Amino acid sequence: MASGNKEKVLTVFDFDRTIIDCNSDDWVATLCPGGEPPKEIWDKYRQGIFMEAADDLLEHLHDSGVSSQDILDVMTQAPYTEGMKDVLTFIGKNRGVFDCIIMSGTNELFLEAALKAEGVDREVIGKTYTNYGHIDDKGRMHVKSYHNRPCSCSVDICKGTLLPEYIKEQAQKGVTYTKVVYVGDGRNDFCPCKGLGPPDVVMPRKGYKLLEIIEALTPENKLKAKVIPWEQGSEVLSVLEGFM
């Protein structure tokens with residue numbers, strides 16, 4: 001190893017149903033008249049056209065008199081998964097051991113509003129990979145894909161592409177990761193997990209799609225990383241404490 005290099009553990013978190021205990025778009029959709037968006041918007045979500053559906057949802061809210069500030073305000077009320085703030089606090093107190101990034105299919109406006117509301121120390125999170133968002137001069141919120149790459153996990157943001165890119169960038173800065181701990185719940189979390197190896201840990205949330213996919217793998221296709229299911233943040237914290 002080159003002189004001056006640091007060895008650390010990289011913690012990677014999904015956001016929806018992982019750090020927060022809900023889906024961001026579902027949470028915001030409660031602002032629609034009647035508490036839910038029109039059927040055609042839900043149909044796009046079901047078809048996997050997530051960013052187009054999310055932008056349609058934001059247009060519908062704007063046309064219904066819901067302001068961008070109203071949307072950000074409701075995101076500040078999104079519930080955190082039990083124990084997850086303790087996990088982030090622990091990482092923050094042990095930055096010499098851990099780095100932390102978020103990789104999420106939500107968007108930067110929703111994500112930042114929820115993090116800020118709970119007083120999460122942003123210095124704990126080295127980088128966030130998520131879809132883009134902005135508010136135009138008419139006060140209408142817009143979102144768009146982080147990138148558009150053909151992948152079975154997501155057309156909006158391929159975490160399986162971004163995770164090794166981040167690890168390579170960090171290596172060029174002198175930071176080497178002895179292991180990766182990936183914490184997530186959904187289908188699009190499987191793609192980055194496929195590239196992890198024996199030193200690494202995949203933590204799929206109990207009762208969600210990622211664990212279902214992993215449990216359905218044949219022996220020849222099983223993940224190389226160790227798999228530890230979780231339900232509450234305390235279980236994630238216990239794993240991280242074991243690396244101290």
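In this predicted model, I101 stands opposite K127 of strand β3. That pair belongs to the parallel partnership of β2 and β3 (residues 127–135), which runs over four bridges. To get from β2 to β3, the chain passes through helix α6 (residues 108–117), and this β-α-β crossover is right-handed. Here is a friendly tour of the sheet around that pair, followed by two buried residues and a pocket.

**The sheet as a whole**

- Seven strands make up an open sheet with mixed pairing, and their order is β4-β3-β2-β1-β5-β6-β7.
- At the edges sit β4 and β7 (226–227), each of which pairs on one side only.
- As background, strands of a sheet are held in pairs by backbone hydrogen bonds, in either a parallel or an antiparallel sense.

**Strands β3 and β4**

- Strand β3 also pairs with strand β4 (residues 141–144), in the antiparallel sense and over four bridges.
- If you want landmarks for this pairing, Y132 stands opposite K144 in β4, and G133 has V143 in β4 as its bridge partner.
- The hairpin of β3 and β4 has five residues between the strands, and in this hairpin G139 takes a positive phi near 85 degrees.

**Strands β1 and β5**

- Strand β1 (residues 6–13) and strand β5 (residues 175–184) pair in the parallel sense, with eight bridges between them.
- V12 finds its bridge partner in β5, namely Y182.

**V181, a buried residue of β5**

- Is V181 buried or exposed? With a relative accessibility of 1%, V181 counts as buried, because the cut-off for buried is under 20%.
- V181 is part of strand β5, and it touches V9, L10, T11 and V12, along with V201, M203, L240 and F243, leaving aside residues up to four places away in sequence.
- One of those contacts, V201, is 20 residues away from V181 in sequence, yet the C-alpha to C-alpha separation in space is 4.7 Å.
- In general, side chains of a regular strand alternate between the two faces of the sheet.

**G233, a buried residue of α10**

- G233 lies in helix α10 (residues 233–241).
- G233 has 0% relative accessibility and therefore counts as buried.
- Which residues does G233 touch, not counting those up to four places away in sequence? They are E82, G83, M84 and V87.
- For a sense of distance, D55 is 178 residues from G233 in sequence and 31 Å from it in space, taken from C-alpha to C-alpha.

**The second largest pocket**

- A general point helps here: rolling a probe the size of a water molecule over the atoms reveals where empty space remains.
- The second largest pocket holds about 160 Å³ of space.
- Its lining consists of 15 residues, and those nearest the centre of the pocket are D99, C100, I125, G126 and Y166.
- Which elements give two or more residues to this lining? They are β2 (98–107) and α7 (159–172).
- Sorted by class, the lining of this pocket comprises six nonpolar, two polar and seven charged residues.
- Strand β2 thus links two topics in this briefing: β2 contributes to the lining of the second largest pocket, and β2 pairs with β3 in the parallel sense.

How values were computed:
Residues are numbered from 1 along each chain as its sequence is written. This is a predicted model: local features need pLDDT of at least 70, side-chain atom pairs count only at pLDDT 80 or more; totals for chains, interfaces and linings use all residues. Side-chain values use heavy atoms; hydrogens and water are left out. On a 1 Å grid over the protein atoms alone, a cavity is a set of points where a 1.4 Å probe fits but cannot get out, and a pocket is an open set with protein on both sides within 12 Å along at least five of seven lines; lining residues have an atom within 4 Å of a point. Grid points are joined across faces, edges and corners, and a volume is the space filled by probe spheres set on the points. Ala, Val, Leu, Ile, Met, Phe, Trp, Tyr, Cys and Pro count as nonpolar, Asp, Glu, Lys and Arg as charged, and the others, Gly among them, as polar. Buried means under 20% relative accessible area, exposed over 50%, partly exposed in between (1.4 Å probe, protein chains only). Contact means heavy atoms within 4.5 Å. Two strands pair if DSSP finds at least two bridges between them. A crossover is right-handed if, with the strands pointing away from the viewer, the path from the first strand over the helix to the second runs clockwise.
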